[in-house]
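Subject: Structure handover

Hello,

Here is the structure I promised to pass on. My notes on it follow below.

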Amino acid sequence: MAGPGLKLIIEGHTDAHGSDQYNLILSFLRASAVKNYLVKVHQIAPENITVVGMGKRMPLNAAEPNAPENRRVEFRIKET
């Protein structure tokens with residue numbers, strides 16, 4: 001839709017369960033799984049995707065830190 005030169009950032013997020021270290025790793029692995037899917041299934045060039053683990057520091061639902069909606073992956077366009 002946006003062309004082959006599109007650069008993406010995939011951010012992985014977690015809820016508040018677990019330590020900061022654990023959640024940083026988990027969120028990175030979550031985002032990496034999405035990258036792997038996009039590369040394998042949709043043939044997106046891996047060099048066009050950056051993966052970031054955000055851990056539990058940016059909840060969608062701050063009032064409920066353990067809410068399921070805090071466990072997610074978000075996409076952003078990488079600005080050049």
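One helix and three strands make up the secondary structure of this protein. Keep in mind that the model is predicted. In sequence order the pattern reads β-α-β-β.

Overall numbers first. The C-alpha atoms fill a box of roughly 40 × 20 × 20 Å along the principal axes. The protein has 80 residues, and 29% of them count as buried. About 5,300 Å² is exposed, with carbon and sulfur atoms supplying 60% of that area. Take the contacts with a separation of 6 or more: 71% of them join residues 24 or more positions apart. On charges, there are 10 positive and 8 negative ones. Their mean positions lie 7 Å apart.

Now the core. The largest nonpolar core has five residues: Ile-10, Ala-31, Leu-38, Ile-49 and Val-51. At least two of these come from helix H1 (20-42), and at least two from strand E2 (49-53). In soluble globular proteins, nonpolar side chains tend to be buried together.

Ala-31 is a good place to start looking at this core. Its contacts, leaving aside neighbours within four places in sequence, include two other core members, Ile-10 and Val-51. Ala-31 also touches Glu-11, Gly-12, Val-52 and Val-73.

Next, Ser-27. This residue sits in helix H1. Is Ser-27 buried or exposed? Its relative accessible area is 0%, and the cut-off for buried is under 20%, so Ser-27 counts as buried. The Ser-27 side chain reaches the backbone nitrogen of Met-54 at 3.2 Å. Beyond its neighbours within four places in sequence, Ser-27 is in contact with Gly-12, His-13 and Thr-14 on one stretch of the sequence. Val-52, Gly-53, Met-54 and Gly-55 complete the list of its contacts.

Last, a backbone point. Gln-43 lies in the loop between H1 and E2. Its phi is near 55°, a positive value in a residue other than glycine. How does Gln-43 stand on accessibility, buried or exposed? Its relative accessible area is 61%, and exposed means over 50%, so Gln-43 counts as exposed.

If you open the model now, three places are worth a look. One is the core around Ala-31. Another is the Ser-27 contact with the backbone nitrogen of Met-54. The third is the positive phi at Gln-43.

Best wishes

Key:
Residues numbered from 1 in each chain as written. Predicted model: local features only at pLDDT ≥ 70, side-chain atom pairs only at ≥ 80, totals over all residues. Heavy atoms only, no water. Core = buried A, V, L, I, M, F, W, Y, C linked by side-chain atoms within 4.5 Å. Buried < 20%, exposed > 50% of the residue type's maximum accessible area, 1.4 Å probe, protein only. Helix = DSSP H or I, 4+ residues; strand = E, 2+ residues; numbered from the N terminus. Contact = heavy atoms within 4.5 Å. Areas by Shrake-Rupley, 256 points an atom, 1.4 Å probe, with all protein chains shown as cover. Lys, Arg positive; Asp, Glu negative; His and termini not counted. Charge placed at Lys NZ, Arg CZ, Asp CG, Glu CD. Polar contact = N/O pair within 3.5 Å; in protein donor to acceptor, adjacent residues only side chain to side chain.
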